[in-house]
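Me: I am new to this structure. Please take me through the reasoning behind a few of its labels.

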Amino acid sequence: MTSPALKLPVSLAANPRLSSWVRFTNEGRVAISPGKVEIGQGIVTALAQIAADELDVDISKVEMIRASTASSPNEGVTSGSLSIQQSGRALRHACAEVRQHFLLAASERLGVDASLLAIDDGTISGPGNVRTSYWELAGDVSLDHDATAGAAAKGAATRAVAGRSVPRVDIPDKIFARPRFIHDSSLPGLLHGRVLRPDISGSRLTGLDEEAARAVPGLVAIVRDGGFAGVIADSEVAAEAALKALRKGATWSAGGPLPDEDHLADFLKSQPVETTVIDARTAASTKTAARSLRRQYTRPYVAHASIAPSCAMARWDGDHVHVWTHSQGVYLLRADLAIVLKLPAENIVVEHMEGAGCYGHNAADDVALDAVLLAKAAGGRPVRVQWRRHDEMVHAPFGAAMAIEIEADLDTDNEIIGWRHDIWSNGHAARPGRAAQPALLAATEIENPYPRMISTNPPAANGGGGDRNSVPLYDFPAWTITSHRLLTMPVRTSALRTLGAQGNVFAIESLLDEIAALRGEDPIAFRLRHLRDERARDVVRAVARRAQWKPQKRTGVGHGVGFARYKNTGAYCAAIAEIEGTDDIRVKRLTLAVDVGEAINPDGVINQIEGGAIQATSWVLKERVRFDRTRITSTSWTDYPILTFSEVPAVDVEIIQRPEIEPVGAGEAAHGPVTAAIANAVYDCLGVRVRDLPITRDRIIAGTELAS
């Protein structure tokens with residue numbers, strides 16, 4: 001029996017065939033085919049570094065192949081900052097084994113013991129100036145067999161590429177405007193499609209007068225399947241004109257009622273729920289609480305707000321279909337398409353292309369089904385469908401709203417002796433491919449519709465959903481953490497970057513700051529006193545040192561700190577925010593320290609932390625899905641503002657490099673700490689605790705009035 005130490009990495013165990021990961025091409029390059037996809041996080045560069053290191057080739061010779069269900073390993077979905085942990089470990093092991101096979105083959109060809117051979121940029125050489133290469137041996141070495149558990153990857157000290165900053169391999173195309181994004185791509189004979197959707201979420205098409213649309217020049221077809229309707233035209237202009245004409249002839253049923261936006265927490269706490277105790281700890285000795293602090297924190301529905309609306313292309317060839325998509329899970333999307341189309345999965349190829357970044361489940365999967373349904377009427381020609389901004393803001397899944405209630409029991413010295421944390425929220429995951437019914441929008445609209453999927457939460461072992469980061473990393477003597485997942489879903493919700501972690505870290509770190517202030521204790525010292533994990537303590541100390549905590553108090557300026565370990569198992573991150581509080585809150589500077597274990601590409605880690613910090617700043621200060629009792633009203637950038645370039649804070653990141661420790665992802669580590677740091681800085685500046693996101697001028701005024 002294989003010992004646990006020799007088990008294959010999870011992704012490689014699920015996809016053990018070496019040839020599905022590595023291939024040497026006739027052009028003197030090595031093709032690397034991971035199952036994870038590039039969504040702006042720089043993963044293709046980090047994976048190329050890993051492959052270059054293990055194979056001893058220059059990174060310029062590494063060709064990264066886009067994920068496709070036709071040939072790529074099935075690594076599920078690119079999410080949760082797991083790409084380095086899952087794909088990186090698998091690829092490192094696979095490349096190490098490939099290297100081993102080629103050294104043995106070279107040994108036989110050259111008549112030299114394998115231990116005396118060296119590899120330099122793919123050339124294998126030994127004593128007496130004998131040499132060959134991967135490419136010369138490629139015809140003799142079959143990789144069409146499964147990986148074994150015995151291959152040994154290089155130690156950190158011998159890696160030449162990993163651990164160093166190298167330029168992103170995906171950037172040149174973007175700089176020089178070569179068509180890398182699906183929005184800029186074309187196919188021979190391409191047609192253009194648009195889908196008719198209601199202005200009111202949840203209403204259904206009941207009638208359609210097609211006469212005006214059929215008169216539009218360039219129209220190829222009108223497609224209707226129950227409540228799903230769309231147009232195909234020979235140009236985007238014609239498609240838009242036909243859709244506009246079709247809309248005039250459409251009638252709709254009433255939609256379902258939406259909650260009262262101004263009393264969202266009350267709505268969340270009044271709905272039928274599934275209640276789960278996530279974690280509980282009992283104190284060794286029972287103490288009587290001198291007082292209890294009970295606080296409620298809220299987060300609104302948050303949109304993905306991609307700069308470009310979702311887009312896809314599809315083409316039918318008999319009973320086979322090919323889809324081009326920026327979905328984060330090509331195999332999972334294929335599974336849902338197979339259900340809706342009633343086709344075998346092997347009849348469907350789903351190929352990834354890069355799109356506007358969203359870091360979560362936006363409408364990329366939905367628009368793929370739209371394109372497939374329209375393309376069936378296109379006579380074998382490919383159809384490209386791009387959503388409108390309005391559709392993206394109304395019909396794409398949102399990040400779930402949350403109400404979080406924490407009650408802390410304090411002794412006579414205001415030390416924490418008990419902690420109760422309750423979360424009310426819709427589930428944070430309704431991605432395709434994970435249930436017997438599809439999670440795609442058009443599947444709920446067709447003649448024989450599927451019900452809208454009620455979002456669930458990933459299990460705690462996978463990081464959880466609404467409960468993510470709700471279990472304190474601090475050494476409190478007792479706690480009970482409870483999740484209340486709503487069983488109704490008036491607003492469509494699914495995965496948004498960090499899932500519930502942003503809300504939970506905001507709540508925990510805000511209350512810790514409040515307790516530290518009650519004690520008159522420095523908030524950095526308070527956290528360090530309650531942390532036992534030395535890596536956690538190190539990032540807190542590092543950020544305090546880098547930000548020169550605590551700066552001299554200045555009028556109108558505040559500083560705050562936040563800390564978390566993402567999912568309690570991933571990257572450690574601490575943040576200090578400097579804000580100005582005049583007419584509005586302005587975040588001037590964010591200082592962060594992060595520990596991701598081995599940083600494969602330090603510049604890539606910094607980019608991810610910077611991007612997460614800036615996105616979190618936008619969430620904290622501006623972002624909130626707006627709605628009345630019948631419809632979503634934030635349908636444009638005017639109604640759903642995001643942080644502008646002039647409002648972006650300076651971001652300073654320090655990496656604690658630990659090359660001896662397996663790497664973890666950086667993409668979602670900053671959001672919770674930055675959110676909490678800004679909120680705590682607002683209190684430091686203005687003396688107001690704002691517990692409802694976003695932190696707007698109106699909420700600060702309301703908090704001031706409440707405190708007075």
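Reply: Start with a definition: a disulfide is a pair of cysteine sulfur atoms within 2.5 Å. Bear in mind that this is a predicted model.

Me: How many disulfides does a search of the whole structure find?

Reply: The count is 0 for the whole structure.

Me: How do you know that Cys358 is in no disulfide?

Reply: Look at the distance. The nearest cysteine sulfur belongs to Cys311, and it is 14 Å away. The cut-off is 2.5 Å. Therefore Cys358 is in no disulfide.

Me: Why is Cys358 called buried?

Reply: Its relative accessible area is 8%. Buried means under 20%, so Cys358 earns the label.

Me: And why does Cys95 count as buried?

Reply: Cys95 has 0% relative accessibility. The limit is again under 20%, so Cys95 counts as buried.

Me: On to the sheets. What is the order of the strands in the sheet of 3 strands?

Reply: The order is S4-S5-S6, in an open sheet with antiparallel pairing.

Me: Why do S4 and S6 stand at the edges?

Reply: Strand S4 (118-120) and strand S6 (130-133) each have a single partner strand, so one side of each lacks a neighbour in the sheet. On average, neighbouring strands here are turned by 30° against each other, direction ignored.

Me: How do you know that S4 and S5 pair?

Reply: Count the bridges. Two strands pair if there are at least two bridges between them. S4 and strand S5 (residues 123-126) are joined by 3 bridges and run antiparallel. So S4 and S5 pair. Asp120, for instance, has Thr123 in S5 as its bridge partner.

Me: Which helix packs on this sheet?

Reply: Helix H3 (residues 83-110) does, touching S4, S5 and S6. The direction of H3 makes about 135° with that of S6.

Me: What makes the pairing of S7 and S17 count?

Reply: The same test applies: at least two bridges. Strand S7 (residues 191-196) and strand S17 (residues 383-386) have 3 bridges and run parallel. So they pair. Gly193 stands opposite Val385 in S17. Helix H7 (residues 236-248) packs on their sheet, touching S7, S9, strand S10 (228-233) and S17.

Me: How many strands form the sheet with S7 and S17?

Reply: 7 strands form this open sheet, in the order S9-S10-S7-S17-S14-S15-S16, with mixed pairing. Strand S9 (219-225) and strand S16 (348-352) are the edge strands, as each pairs on one side only.

How values were computed:
Residues numbered from 1 in each chain as written. Predicted model: local features only at pLDDT ≥ 70, side-chain atom pairs only at ≥ 80, totals over all residues. Heavy atoms only, no water. Helix = DSSP H or I, 4+ residues; strand = E, 2+ residues; numbered from the N terminus. Axes fitted to C-alpha atoms, helices over the stretch in contact; angles between N-to-C directions. Contact = heavy atoms within 4.5 Å. Buried < 20%, exposed > 50% of the residue type's maximum accessible area, 1.4 Å probe, protein only.
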